[in-house]
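I wanted to look up the aromatic contacts in this model and then follow a few side chains and one helix. My entries are set down below in the order in which I made them.

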Amino acid sequence: MIFETIITSNNAEGITHVTPFGVRHEGENILIAPYKPSITLANILTSKLAVMNICDDVRVFAAALTNRQAWQLQQANQIKGFRLADCLQHVELALVEVRDDAVRPQLVMQKIYAEQHKPFNGFNRAQAAVIELAVLVSRWHMLPQEKIQAEMQYLQIAIDKTAGEHELLAWSWLVEKTNQFYAASENRE
């Protein structure tokens with residue numbers, strides 16, 4: 001089972017990278033499997049640390065993929081790094097094992113510290129639709145345009161029926177970015 005989270009990691013200069021990331025639980029550890037190359041992979045291999053943020057504000061997922069900023073950071077409690085200031089929970093992680101792979105190495109991360117900040121009230125369908133579109137946006141290079149556009153049409157139903165202000169904004173950012181990507185692709189052809 002994959003859980004959609006926000007991972008924050010720092011490079012050698014201390015600059016924080018914020019990105020949506022599907023993680024797995026492996027016993028008490030968290031398994032992160034970034035593609036090569038990626039900023040998250042480089043940061044964790046360098047610092048040996050990361051923070052997993054559990055967040056229900058889908059603007060953060062969309063903003064991270066569209067070069068916007070819809071979050072504030074604050075210092076982590078036990079490790080050298082940063083967490084989202086507004087999240088439901090954050091878990092501070094330390095790298096304990098690297099399972100190398102040519103495409104997607106697996107980073108086994110040990111939980112160092114966890115803190116619950118506010119209750120989870122559940123997702124609505126529009127939040128789930130935004131997260132699903134965020135996953136599709138992160139896979140433009142792997143999926144045919146027709147599949148992404150068909151999925152977007154289907155997901156639009158949940159947006160139309162259940163979205164609030166935050167979901168509408170996040171959705172619009174992802175749709176705009178997708179349209180720009182495909183328009184640029186057509187111009188290159």
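**Aromatic rings.** I began with the ring pairs, which link Trp140, Phe181 and Tyr182 into a cluster; rings of Phe, Tyr and Trp (its six-membered ring) pair if their centres lie within 6.5 Å, with planes under 30 degrees apart counted as stacked, over 60 as edge-to-face and the rest as tilted. I noted that the model is predicted, that local features need pLDDT of at least 70 and side-chain atom pairs pLDDT 80 or more, while totals for chains, interfaces and linings use all residues. Residues are numbered from 1 along each chain as its sequence is written, and side-chain values use heavy atoms, with hydrogens and water left out.

My search of the whole structure gave 2 aromatic pairs. The ring centres of Trp140 and Phe181 are 4.2 Å apart and their planes stand at 10°, so I entered this pair as stacked. It joins distant parts of the chain, 41 residues apart, with Trp140 in the loop between α3 (125-137) and α4 (145-162) and Phe181 in helix α5 (residues 165-188); helices are DSSP runs (H or I, at least four residues), numbered from the N terminus. Phe181 also pairs with Tyr182, edge-to-face, at 5.1 Å centre to centre and 75° between the planes.

**Burial in the cluster.** I then checked relative accessible area, where buried means under 20%, exposed over 50% and partly exposed in between (1.4 Å probe, protein chains only). Trp140 is buried at 14% and Tyr182 is buried at 7%, whereas Phe181, at 26%, counts as partly exposed.

**Helix α4.** I compared the span of α4 with its expected value, which is 1.5 Å times one less than its number of residues: its 18 residues should span 26 Å, and the end C-alpha atoms are 26 Å apart, which agrees. I also recorded a bend of about 25° at Leu155, taken as the angle between axes fitted to the seven residues ending there and the seven starting there. Leu155 is buried in α4, as are Ile148, Met152, Ala158 and Ile159.

**Thr40.** Which residues does Thr40 touch, not counting residues up to four places away in sequence? I found Ile7, Ser9, His17, Thr19 and Phe21, with contact meaning heavy atoms within 4.5 Å. Thr40 is found in helix α1 (residues 39-47) and is buried, with a relative accessible area of 3%.

Note on methods:
Helix = DSSP H or I, 4+ residues; strand = E, 2+ residues; numbered from the N terminus.
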